[in-house]
Amino acid sequence: MKKVLILGAGTGGTMMANKLRHELSQKEWEITLVDQSPDHHYQPGYLFIPFGIYKGADVIRPKRNYLDSGIRFILDVISGIDPESKSVALESGKKLTYDFLIIATGAAPNPDETEGMSGEGWYKNAFDFYTYEGATALARHLRNWEGGKLVVNIVEMPIKCPVAPLEFSFLADEFFTNRHMRDRVDITYVTPLDAAFTKPVAARHLGNFLHEKNINLVTDFNTGSVDYEKNQIQSWDGKTVDFDLLISIPTNMGAPVIGESGLGDDLNYVPTDPKTLRSKQYDDIFVIGDATDIPASKAGSVAHFAAETLTKNFLRVVDGFEPLPEFDGHANCYIESGFGKGLLIDFNYDVEPLPGKYPLPGIGPFTLLQESRTNHWGKLLFRWIYFNMLIRGVELPVPAKMMMAGKQALQEA
């Protein structure tokens with residue numbers, strides 16, 4: 001019997017386990033999925049927890065509930081990967097062998113990468129919202145916070161869901177407005193990039209959002225340290241920004257075991273062919289989701305679209321053919337803009353977000369690069385789609401490759 005071993009039971013790993021179980025004979029193929037946690041987290045939902053919109057029960061489910069019965073699920077910590085012997089060591093002492101390996105170990109914020117960040121102020125007046133622990137701790141803090149300088153700071157790119165820090169800023173504007181204390185909260189968005197929206201067309205369509213919401217913008221700020229005595233973030237070139245409450249998006253890194261096993265780059269991301277999703281080092285290893293170094297957004301939508309290509313390519317390799325370079329980096333993201341409205345962007349490696357209608361050309365019902373209530377409800381509805389369809393490997397009526405139909409041409413945008 002041949003063996004497929006999948007490391008990580010997040011979005012990408014769960015989808016691939018279910019999709020391959022649908023395609024491969026149980027008599028001929030054993031599919032094993034390994035993860036250290038029994039709980040599946042809907043990570044986009046973390047954004048809503050600080051503002052009391054979601055609770056823990058809204059974003060956490062048992063992983064076993066979303067796996068086909070023919071999948072072997074092992075709850076253990078991955079301690080080492082040896083691609084030469086085609087084996088994976090677990091913390092319990094077990095060793096698993098494979099014919100093919102799929103790495104889906106994800107990415108996580110690492111505050112220890114920035115000098116001072118994880119010091120005495122961490123989870124006191126400095127928080128992340130990219131983890132469940134950080135989001136829930138921030139929710140408790142915001143319930144009694146009386147106002148001051150709120151700074152949303154991206155330390156460095158890439159990060160998971162690049163638009164989430166902007167969404168947080170917009171939702172914070174709504175949150176404090178509804179609590180009749182917006183005049184007592186100074187919101188500043190601090191980014192290492194040269195603009196809040198870095199794509200030219202998106203910047204033209206959305207560039208006034210921060211100004212209209214009275215959110216200050218600091219660009220080209222490369223965070224080097226956090227000083228809790230002065231309540232400052234400090235850049236490598238000596239610039240400073242003061243805060244009373246810091247919302248940090250720390251350096252995002254892949255799983256430590258990837259680096260420790262010699263499979264990753266400096267940030268523990270696996271060098272991956274961006275169009276075939278096969279490892280650049282080993283022909284029997286594929287990579288999906290945030291674990292890759294492909295130049296696409298680290299977002300669940302990318303993992304979803306990539307899974308379509310990866311499933312086809314896996315089956316091609318099994319049948320003795322080369323994988324096809326078909327993945328185009330497709331991503332789409334809802335952007336909460338506050339007060340019951342949202343935006344939607346759809347793009348890939350080569351085409352930046354453009355205005356138009358999605359997914360049906362000229363009909364929608366969602367509008368691209370345009371604020372609407374429909375987009376807001378689309379984002380909230382997606383949690384149901386995620387748990388009931390997407391991670392179960394159900395084919396969704398949205399093509400993996402980005403469509404140009406329904407989008408305005410670049411010169412028109």
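Mentor: Before we start, two strands pair if DSSP finds at least two bridges between them, and keep in mind that what we have here is a predicted model.

Trainee: Okay, so how many bridges join β7 to β8, and which way do they run?

Mentor: Strand β7, residues 87–90, is joined to β8 by 3 bridges, and the two strands run antiparallel. As one example of the register, Ser-87 has Thr-97 in β8 as its bridge partner.

Trainee: What's the order of strands in that sheet?

Mentor: The sheet is open and made of 3 strands in the order β6-β7-β8, with antiparallel pairing. Because β6 (78–82) and β8 (95–97) stand at the edges and each has a single partner strand, one side of each is left without a neighbour in the sheet. On average, neighbouring strands of this sheet are turned by 20° against each other, direction ignored.

Trainee: Switching to helix α3, which of its residues are buried?

Mentor: In α3, which spans residues 132–144, the buried residues are Gly-134, Ala-135, Thr-136, Ala-137, Leu-138, Ala-139 and Leu-142.

Trainee: And what covers them?

Mentor: The cover over the buried residues of α3 includes β11 (126–127), α4 (164–178) and β18 (245–249).

Trainee: Last one: how much space lies in the second largest pocket?

Mentor: The second largest pocket holds about 690 Å³ of space. It is lined by 35 residues, of which Met-157, Pro-162, Thr-198, Lys-199 and Ser-297 are the closest to its centre, while the elements that give two or more residues to the lining are α5 (200–206), β21 (331–338) and β22 (341–347).

Trainee: How does that lining divide by residue type, then, in what numbers?

Mentor: The lining of the second largest pocket divides into 25 nonpolar, 6 polar and 4 charged residues.

Technical notes:
Residues are numbered from 1 along each chain as its sequence is written. This is a predicted model: local features need pLDDT of at least 70, side-chain atom pairs count only at pLDDT 80 or more; totals for chains, interfaces and linings use all residues. Side-chain values use heavy atoms; hydrogens and water are left out. On a 1 Å grid over the protein atoms alone, a cavity is a set of points where a 1.4 Å probe fits but cannot get out, and a pocket is an open set with protein on both sides within 12 Å along at least five of seven lines; lining residues have an atom within 4 Å of a point. Grid points are joined across faces, edges and corners, and a volume is the space filled by probe spheres set on the points. Helices (H or I, at least four residues) and strands (E, at least two) are DSSP runs, numbered from the N terminus. Ala, Val, Leu, Ile, Met, Phe, Trp, Tyr, Cys and Pro count as nonpolar, Asp, Glu, Lys and Arg as charged, and the others, Gly among them, as polar. Axes are lines fitted to C-alpha atoms, for helices over the stretch in contact, and angles run from 0 to 180 degrees between N-to-C directions. Buried means under 20% relative accessible area, exposed over 50%, partly exposed in between (1.4 Å probe, protein chains only). Contact means heavy atoms within 4.5 Å.
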